[in-house]
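Subject: Structure for you to look at

Dear colleague,

I am handing over the structure we spoke about, and below it you will find a written account of what turned up when I went through it. Please read the text with the coordinates open beside you.

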Amino acid sequence: MGIELTLEGITKTYGKVTAVSDLGFTVKPGELFALLGPSGAGKSTTVNLIAGIEKPDKGEIRAGGRSILALRPQERDFAMVFESYALYPHLTVAENMAFPLRAPVRATRYSSADIQKRVAETARMLEIHELLARYPKELSGGQKQRVGLGRALVRDSQLFLLDEPIAHLDAKLRHHMRGELKKLQKKSGRTTVLATPDYAEVVAMADRAAVLNHGVSEQIGTPIELFSRPANVVVAQAIGDPPINLLNCEVANRDGCFYISGAGFSLQCNDRLQAALRHLPVGAAASLGIRPSEISIHRDPAQGLIRGEVYVFEPLGGEAVATVSVEGKLVKVLCSWSSSLKIGDKVSLSFDLDTVHVFNRDTGRALYA
Amino acid sequence: MAEIAFRGVWKVYGKSVEAVKDMNLQVKDGEFVSLLGPSGCGKSSTLRMIAGLEEITRGDLEIGGRRINEVEPGDRDVAMVFENYALFPHMSSFDNIAFPLTLRGEDRGEIRRKVEEISKLLDLDGLLKTLAVNLGGGEKQRVGIARALIRKSSVLLMDEPISHLDADLRARTRGELARLQRLLGITTVYVTHDQLEALAMSDRIAVMNLGVVQQYGTPDQLYNQPANMFVARFIGEPPMNFIPCTLERNGSGRVRIFTGGRGFDVELGGEQAARIDPGFRGGEVFFGIRPIDFEIAGGANMQARPSSSKSAVKAGVLNYEAGCEHSFLEAKLCEYTVLVECAPTARFSEGDTVTLEVAANRFHLFDRRSEASIMKVEAR
């Protein structure tokens with residue numbers, strides 16, 4: 001069974017650069033917890049701090065209720081998968097995978113037959129069972145990465161640390177591995193921390209996630225919470241592709257009715273937005289967030305809520321992204337390929353007011369009823 | 001006019017390394033054409049032959065109707081943008097962009113006017129004094145493009161110009177480049193290994209493998225009517241599913257497609273059967289379907305509804321993958337694992353049984369021996 005992992009007030013600086021600042025979260029036993037953020041957000045630093053490869057300047061890390069800060073990496077005994085594979089070049093795939101099981105500290109724990117069985121089972125799951133006799137230099141990048149995963153998965157470690165474990169795989173294998181990893185994680189019940197820049201991976205695999213930005217945790221929640229109720233602009237932009245559109249707007253109260261207006265649009269708010277906008281200080285600027293997948297595009301300029309002109313149209317196979325200029329501000333729309341629009345076409349956009357988000361433009365904080 | 005024509009062009013390195021084999025391709029004036037394929041497919045060699053950086057082993061290459069095999073690179077009226085920018089690091093953006101004109105000894109006032117004009121187009125006006133070494137990746141790329149465009153060449157060549165930018169910037173630059181090319185109307189040949197980039201930007205795409213053009217057509221043709229399995233696999237993400245089947249024709253013009261085991265057995269009549277090339281009498285085929293083209297009739301905890309249509313098939317859910325824009329199922333169809341795209345709101349669990357339906361015009365068939373499509377080509 002997995003253990004509980006807690007980080008409290010963790011700060012890590014390298015010289016003048018703060019990599020992680022006052023970070024805190026608890027990963028429940030058996031949970032798959034993701035750290036989502038772009039490069040430089042502090043994901044890998046956090047993983048390294050948990051593994052014991054780095055020491056925090058401040059804060060506390062507990063595993064199973066006990067502080068582990070004084071323990072060396074090998075004493076923590078967490079299984080870790082790096083993006084960079086880190087395989088032994090002179091060992092075969094089978095030997096690489098068996099390596100952690102043969103380590104002196106565990107030599108008595110596993111019999112040879114047990115080791116063979118574990119390696120074979122794990123290799124089959126990762127679809128590398130036909131490669132067991134090969135050396136790393138005879139493998140593709142994707143295959144190496146799966147061997148790296150395999151080496152971590154054969155062990156009975158209480159905590160998995162996965163740092164961008166499937167970033168290099170091709171599309172088909174990536175979908176397969178997301179499903180397999182999640183299944184395996186649930187089956188083994190081992191607490192897992194996954195660092196990734198890919199929100200789709202988080203939505204597909206994680207029970208909960210922390211969105212990291214410049215070393216700070218912006219929000220912690222389930223993927224659905226992060227997507228449907230982002231705490232601020234950073235979280236809203238971190239989830240979804242193409243990213244959420246943000247339009248500057250002003251809020252006006254006319255006869256008790258709220259209106260949001262900006263360059264090229266003026267919308268009467270529904271009850272939900274009205275209640276949310278009451279939290280906006282008088283005179284403060286706002287921005288309107290609309291996800292590209294929530295917008296419909298119309299050839300009739302009069303049909304939608306906002307008028308614009310096609311800036312560029314990009315078919316992507318199955319679907320397309322239309323970029324529409326609304327008074328100079330570019331708005332992305334996820335639409336069907338068959339819309340086949342041309343640069344300069346006059347169009348209009350519509351969306352359900354229940355799907356939009358409003359933010360305080362000065363603080364970036366989302367406004368909710 | 002700057003159309004480009006390859007007539008039986010070969011590129012052979014040394015005695016026997018055939019990088020490009022018998023290429024016949026025409027790029028119309030003002031067209032945006034991508035050369036798409038995996039590394040080693042011959043796409044960069046092709047581009048370098050147009051630029052004059054590689055000799056043409058055999059065949060004729062024409063630009064604007066003129067054979068240019070022996071014309072010096074500088075006299076071909078082509079401009080090239082490289083992946084690694086190739087800017088002078090300690091020169092300002094302005095001097096980098098102006099370089100081709102300075103080299104030609106053009107009038108200084110004229111140079112300034114041209115640099116300002118092109119910089120406005122590429123949104124570089126604020127960066128003209130910045131040294132190249134201090135520019136960000138996307139900015140360097142734009143300076144590189146501005147330098148290529150300022151010569152007002154009639155052909156623009158680009159070799160993976162945005163492939164190493166990070167995902168956000170790549171998506172943005174992709175749109176900007178496509179728009180700029182349409183506005184300028186400059187004949188463009190673009191090399192990439194990224195099918196999404198090629199689909200998003202191109203008027204036409206040549207998919208290459210092992211030095212041979214596999215198919216040359218519009219993004220719509222390549223996606224909806226792939227000529228062979230290589231193209232079908234390369235275009236579209238996640239890639240097409242393939243199920244090995246047997247195809248049989250009966251006397252009355254009907255076609256039966258079935259797997260060796262039980263479960264998958266489709267009978268096509270009339271219009272659907274007519275989509276298949278009558279020249280293919282029958283035999284071993286691959287049934288190809290994209291993840292997005294499955295429709296799910298029965299879902300979790302629902303009795304799969306009995307369907308009269310034989311293009312419906314039951315499958316067991318192996319994995320469910322939630323997503324924001326799309327969700328995915330990995331499903332067991334007979335003994336084959338297929339990937340199915342579904343609505344983000346759909347919810348399934350491992351072990352559910354679903355009924356997958358395939359719309360009549362959304363599947364593909366390939367001859368298993370030649371891997372060539374056996375669907376009739378439709379005018380689109």
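**Chain A as a whole**

Buried residues make up 55% of the 369 residues in chain A, and please keep in mind throughout that this is a predicted model. The C-alpha atoms of chain A fill a box of roughly 80 × 45 × 35 Å when taken along the principal axes, and the chain contains 10 helices and 21 strands. It is divided into domain 1, covering residues 5–232, and domain 2, covering residues 245–360, and the centres of these two domains of chain A, taken over C-alpha atoms, are separated by 39 Å. The surface that chain A exposes comes to about 16,200 Å², of which carbon and sulfur atoms supply 50%. Among the contacts in chain A between residues at least 6 apart in sequence, 65% join residues that are at least 24 apart.

**A sheet in chain A**

One element you may wish to find in chain A is an open sheet of 4 strands, which has the order β2-β1-β4-β5 and antiparallel pairing. In this sheet β2 (17–27) and β5 (66–67) of chain A stand at the edges, and because each has a single partner strand, one side of each is left without a neighbour in the sheet. At the β5 edge, strand β4 of chain A, made of residues 58–63, pairs with β5(A) in the antiparallel sense over 2 bridges, and Arg62(A) has Ser67(A) in β5(A) as its bridge partner. Helix α1 of chain A, residues 43–51, lies across β1 (5–14), β2 and β4 of chain A, and runs at about 115 degrees to β1(A).

**Chain B as a whole**

For chain B, 53% of the 380 residues count as buried, and the chain has 9 helices and 20 strands. Its C-alpha atoms fill a box of roughly 80 × 45 × 35 Å along the principal axes. Chain B exposes about 17,200 Å², with carbon and sulfur atoms supplying 48% of that area, and of its contacts with a separation of 6 or more, 65% are accounted for by residues 24 or more positions apart.

**Helix α4 and Leu128 in chain B**

Helix α4 of chain B (residues 137–149) has 13 residues and reaches 19 Å from its first C-alpha to its last, close to the 18 Å expected at 1.5 Å a residue. Its buried residues include Gly138(B), Gln141(B), Val143(B), Ile145(B), Arg147(B) and Leu149(B). The buried residues of α4(B) pack against two strands and three helices, namely β6 (78–81), β7 (155–159), α2 (93–103), α3 (108–121) and α5 (167–184) of chain B.

The loop between α3 and α4 of chain B holds Leu128(B). Is Leu128(B) buried or exposed? Leu128(B) has a relative accessible area of 12%, and therefore counts as buried, since the cut-off for that term is under 20%. Leaving aside neighbours within four places in sequence, Leu128(B) is in contact with Ser92(B), Ser93(B), Phe94(B), Ile97(B), Val115(B) and Ser119(B). For one of these, Phe94(B), the C-alpha atom is separated from that of Leu128(B) by 4.7 Å, although the two residues are 34 apart along the chain.

With best wishes

Methods:
Residues are numbered from 1 along each chain as its sequence is written. Chains are lettered from A and ligands numbered from 1 in the order in which they are written. This is a predicted model: local features need pLDDT of at least 70, side-chain atom pairs count only at pLDDT 80 or more; totals for chains, interfaces and linings use all residues. Side-chain values use heavy atoms; hydrogens and water are left out. Domain bounds come from an automatic or database domain assignment. Two strands pair if DSSP finds at least two bridges between them. Contact means heavy atoms within 4.5 Å. Axes are lines fitted to C-alpha atoms, for helices over the stretch in contact, and angles run from 0 to 180 degrees between N-to-C directions. Buried means under 20% relative accessible area, exposed over 50%, partly exposed in between (1.4 Å probe, protein chains only). Accessible areas come from the Shrake-Rupley method with a 1.4 Å probe; for residues, only the protein chains shown count as cover. The expected span of a helix is 1.5 Å times one less than its number of residues.
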